[in-house]
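Trainee: Before we go through the strands, cores and cysteines, could we have the sequence and the model in front of us?

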Amino acid sequence: MWDPDAQSLYWVDILENRIYRHHPADGVTQSWLTPEHVGFVVVRPNGELVAGFKSGLHHVVLDDDASVTSTRIDRVDDNRDDVRFNDATSDAEGRIWACTLGGTPEGPLGTYYCYDAELHRRTVDAGYLIANGPALNPDGSLLYTVETSGHPERQKGVYVSRITPRAGLDAQRLLIPWDDYDSSPDGVVTDGEGNLWLGEFHGNVLRCFSSEGEEIVSLPLTAWNITKAVFGGERRDLLYVTSARVEADEETLSRYPDTGGVIEVAGTGARGA
């Protein structure tokens, strides 16, 4: 997530239990150890941080000793080892749209939630094995959700739903099927024109699709397992792209040496909303 007030970038290392913050102006990067796996961090309109830990949503304070002080808001994993928060986004109204992964292909437990401005939770979608990415179109009327793995009841790809006045979802359809790719769709972010920028797990390409689902840009990167991008910088015209080393063997790491790093991409012509 990009914090426009502090002009800083946040990201997480889920499996290493770390929240990172980078200040491009001085090049300083800091990290904090979390008590659980951490799927996302969100900067609230008042500047406070909340994070999606494995078990649920928490208020978070980043301490000077590189640890965090956290206060539980809720629990979403039902005490199951195979369920955890995975990704999230926020909107102009201060709501957080967040998702979990878990279960089996025969019993998928991945769920999408919406937290209102007071952080009260409601379930808005379910039936995902690996739920990912959520993103909104620029006017906040549509929600994009991702099934990364696929299972018998839900095809791998990107779905779009209309957001109802009470923050429910309606008229869902598969916008971007993933049959033509050897990779898996991961996190997604939209630009100011409503295009979707999508990471691909088991791949090295950041792909851009129009709001109609047509691929219009593909950016090969020097990293494998492209997980998610965000628009940042003073003009919101830089893309910061995360990647993951998990499941990358030595041959892959030699071919894509920036795997597990964060890459800054300039010159795409796109800007964040």
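Trainee: Which residues of strand 25 make up its covered face?

Mentor: This is a predicted model, in which local features need pLDDT of at least 70 and side-chain atom pairs count only at pLDDT 80 or more, while totals for chains, interfaces and linings use all residues. Residues are numbered from 1 along each chain as its sequence is written, and side-chain values use heavy atoms, with hydrogens and water left out. Strand 25 covers residues 262-265, strands being DSSP runs of E with at least two residues, numbered from the N terminus. Its uncovered face holds V262 and E264, and the covered one consists of I263 and V265.

Trainee: Which residue of strand 25 is the bridge partner of Y240?

Mentor: Strand 24 (residues 238-243) and strand 25 pair in the antiparallel sense over four bridges, where pairing requires that DSSP finds at least two bridges between two strands. E264 belongs to the uncovered face of strand 25, and the bridge partner of Y240 is this residue, E264.

Trainee: Which element gives the largest share of the largest nonpolar core?

Mentor: A nonpolar core is a set of buried Ala, Val, Leu, Ile, Met, Phe, Trp, Tyr and Cys residues joined through side-chain atoms within 4.5 Å, buried meaning under 20% relative accessible area with a 1.4 Å probe and protein chains only. The largest such core has 14 residues, and those with the most contacts inside it are W197, L206, L221, L239 and V241. Two or more residues come from each of strand 21, strand 23 (226-232), strand 24 and strand 25. The largest share, three residues, is given by strand 23.

Trainee: Which residues of strand 25 does L221 touch?

Mentor: Contact here means heavy atoms within 4.5 Å. Leaving out residues up to four places away in sequence, L221 touches N204, L206, I226, V241 and Y256, and it also reaches two residues of the covered face of strand 25, namely I263 and V265.

Trainee: What is the strand order of the open sheet that includes strand 20 and strand 21?

Mentor: Strand 20 (residues 196-201) and strand 21 (residues 205-209) pair in the antiparallel sense over three bridges, with L198 standing opposite R207 in strand 21. The sheet is an open one of four strands with antiparallel pairing, in the order 19-20-21-22.

Trainee: Which strands are at the edges of the other open sheet, with the order 9-10-13-14?

Mentor: The four strands of this sheet also have antiparallel pairing, and six bridges join strand 13 to strand 14. An edge strand has a single partner strand, so one side of it is left without a neighbour in the sheet. The two strands in this position are strand 9 (84-90) and strand 14 (121-128).

Trainee: With which side chain does the side chain of Y115 make a polar contact?

Mentor: Y115 is found in strand 13 (residues 110-115) and is buried, with a relative accessible area of 0%. Leaving aside neighbours within four places in sequence, Y115 is in contact with L57, D74, V76, F85, R95, I96, A98, H120 and R121. A polar contact is a pair of N or O atoms within 3.5 Å; within protein, one must be able to donate a hydrogen and the other to accept it, and residues adjacent in sequence count only if both atoms are side-chain atoms. At 2.5 Å, the partner side chain is that of D74.

Trainee: Which backbone oxygen does the side chain of T148 reach?

Mentor: T148 lies in the loop between strand 16 (142-147) and strand 17 (157-163), and it is buried, with a relative accessible area of 7%. Apart from neighbours within four places in sequence, its contacts are I130, N132, K156, S184, P185 and D186. The oxygen reached, at 2.7 Å, is that of P185.

Trainee: How many disulfides does the structure hold, and why do C99 and C114 not form a bond?

Mentor: C99 counts as buried at 0% relative accessibility, and C114 is buried as well, with a relative accessible area of 2%; C114 stands opposite R122 in strand 14. A disulfide is a pair of cysteine sulfur atoms within 2.5 Å. The closest cysteine sulfur to that of C99 is in C114, and because these sulfurs are 13 Å apart, they are too far for a bond. The number of disulfides in the structure is zero.

Conventions:
Buried means under 20% relative accessible area, exposed over 50%, partly exposed in between (1.4 Å probe, protein chains only).
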